[in-house]
Amino acid sequence: MMKNKDEMLNGFVTGKDDDEVLSDEIMAQKTELDKLLAQEMFYNGDPKISAIKSRARDLADQYNATRENEPGRRLALLKELFGSCDDDIFIKPPFHCDYGFNIHVGKKFFANYDCVILDCAPVIIGDHCLMGPQTCIYTVSHPMDVKTRVADYVYGTPVTIGDNVWFGGNCVVLPGVTIGNNVVVGAGSVVTKDIPDNAVVAGNPARILRIQ
């Protein structure tokens with residue numbers, strides 16, 4: 001189909017070829033939620049995104065208000081909040097997250113007090129994972145460009161954690177990290193890059209101490 005003058009001018013002025021202009025047009029048609037799900041930069045103040053986060057906070061608040069003698073209610077709330085979890089999940093309140101639906105945990109998942117998962121992108125956790133108190137998993141990042149950052153744009157990068165991983169207390173996992181199976185992360189560690197299977201790591205940044 002023949003382009004009109006404005007379309008041709010758009011490509012000329014921006015120095016973009018036809019495919020790049022088309023890509024910009026497609027991006028303009030995406031909702032902010034579409035961009036979030038595609039792990040692209042999105043406007044954090046979008047009303048639909050704010051509503052999803054508000055729902056997650058409400059479910060987390062309800063969970064945090066439960067008592068030890070309400071295991072059925074706790075499980076029901078986590079099933080509603082998380083993207084997926086097993087029936088044997090156990091999290092000691094308080095627990096906090098951004099969206100909930102991006103969190104997927106395997107069998108026998110345990111998180112101690114004050115666990116925080118900022119699930120702007122998927123967080124995939126395998127079976128038999130143990131998290132010490134105040135373990136924090138972050139997938140969200142803010143742009144380095146100041147104008148974009150203060151305009152409240154963010155983006156997410158997934159975190160993947162294998163089976164049989166044990167985190168000591170006060171650990172932090174940064175966006176984009178993949179942690180292998182059977183890994184031990186020492187207390188107070190900040191995990192900034194991928195960790196292979198069977199590694200014992202500690203420190204800030206976390207470094208491999210040995211392979212078991």
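Trainee: Which residue caps the N-terminal end of H4?

Mentor: Asp46 does, with a side-chain oxygen 3.1 Å from the backbone nitrogen of Lys48. That fits the cut-off for a polar contact, a pair of N or O atoms within 3.5 Å; within protein, one must be able to donate a hydrogen and the other to accept it, and residues adjacent in sequence count only if both atoms are side-chain atoms. Before we go on, this is a predicted model, where local features need pLDDT of at least 70 and side-chain atom pairs pLDDT 80 or more, while totals for chains, interfaces and linings use all residues. Residues are numbered from 1 along each chain as its sequence is written, and side-chain values use heavy atoms, with hydrogens and water left out.

Trainee: Okay, and what counts as a helix or a strand here?

Mentor: Both are DSSP runs numbered from the N terminus: helices are H or I with at least four residues, strands are E with at least two.

Trainee: How far apart are the end C-alpha atoms of H4?

Mentor: They sit 25 Å apart. H4 has 18 residues, 47–64, and should span 26 Å at 1.5 Å a residue, so the two values agree. The expected span is 1.5 Å times one less than the number of residues.

Trainee: Which residues of H4 are buried?

Mentor: Ile49, Lys53, Ala56, Leu59, Ala60 and Tyr63. They cover an arc of only 120° around the axis, which puts them on the same side of H4. The arc is taken from the directions from the helix axis to the C-beta atoms. Buried means under 20% relative accessible area, exposed over 50%, and partly exposed in between, with a 1.4 Å probe and protein chains only.

Trainee: What do those buried residues pack against?

Mentor: Helices H3 (32–37) and H5 (71–81), plus strands S1 (42–43), S2 (90–91) and S3 (95–97). Contact here means heavy atoms within 4.5 Å.

Trainee: New topic: how many salt bridges does the structure hold?

Mentor: There are 5, each a side-chain nitrogen of Lys or Arg within 4 Å of a carboxyl oxygen of Asp or Glu. One of them joins Glu40 and Lys30, whose closest N and O atoms are 2.8 Å apart. Glu40 lies in the loop between H3 and S1, and Lys30 in the loop between H2 (18–29) and H3, so the pair ties together parts 10 residues apart in sequence.

Trainee: Are Glu40 and Lys30 buried or exposed?

Mentor: In between: Glu40 is partly exposed at 22%, and Lys30 is partly exposed at 25%.

Trainee: What about Lys35 and Glu32?

Mentor: Their side chains meet in a salt bridge at 3.1 Å, N to O. Lys35 and Glu32 are 3 residues apart in helix H3, which means about one helical turn separates them. Lys35 is buried at 13%, and Glu32 is buried at 14%.

Trainee: And which residue does Glu68 pair with?

Mentor: Arg74, with the closest N and O atoms 3.7 Å apart. Glu68 is exposed at 59%, whereas Arg74 is buried at 7%.

Trainee: Last thing, how many disulfides turn up?

Mentor: A search of the whole structure finds 0. A disulfide needs a pair of cysteine sulfur atoms within 2.5 Å.

Trainee: Why is there no bond for Cys129?

Mentor: Because the closest cysteine sulfur, in Cys115, is 8.8 Å away, too far for a bond. Cys129 is also buried, at 0% relative accessibility. For Cys171, the closest cysteine sulfur is in Cys136, 9.4 Å away and too far for a bond.
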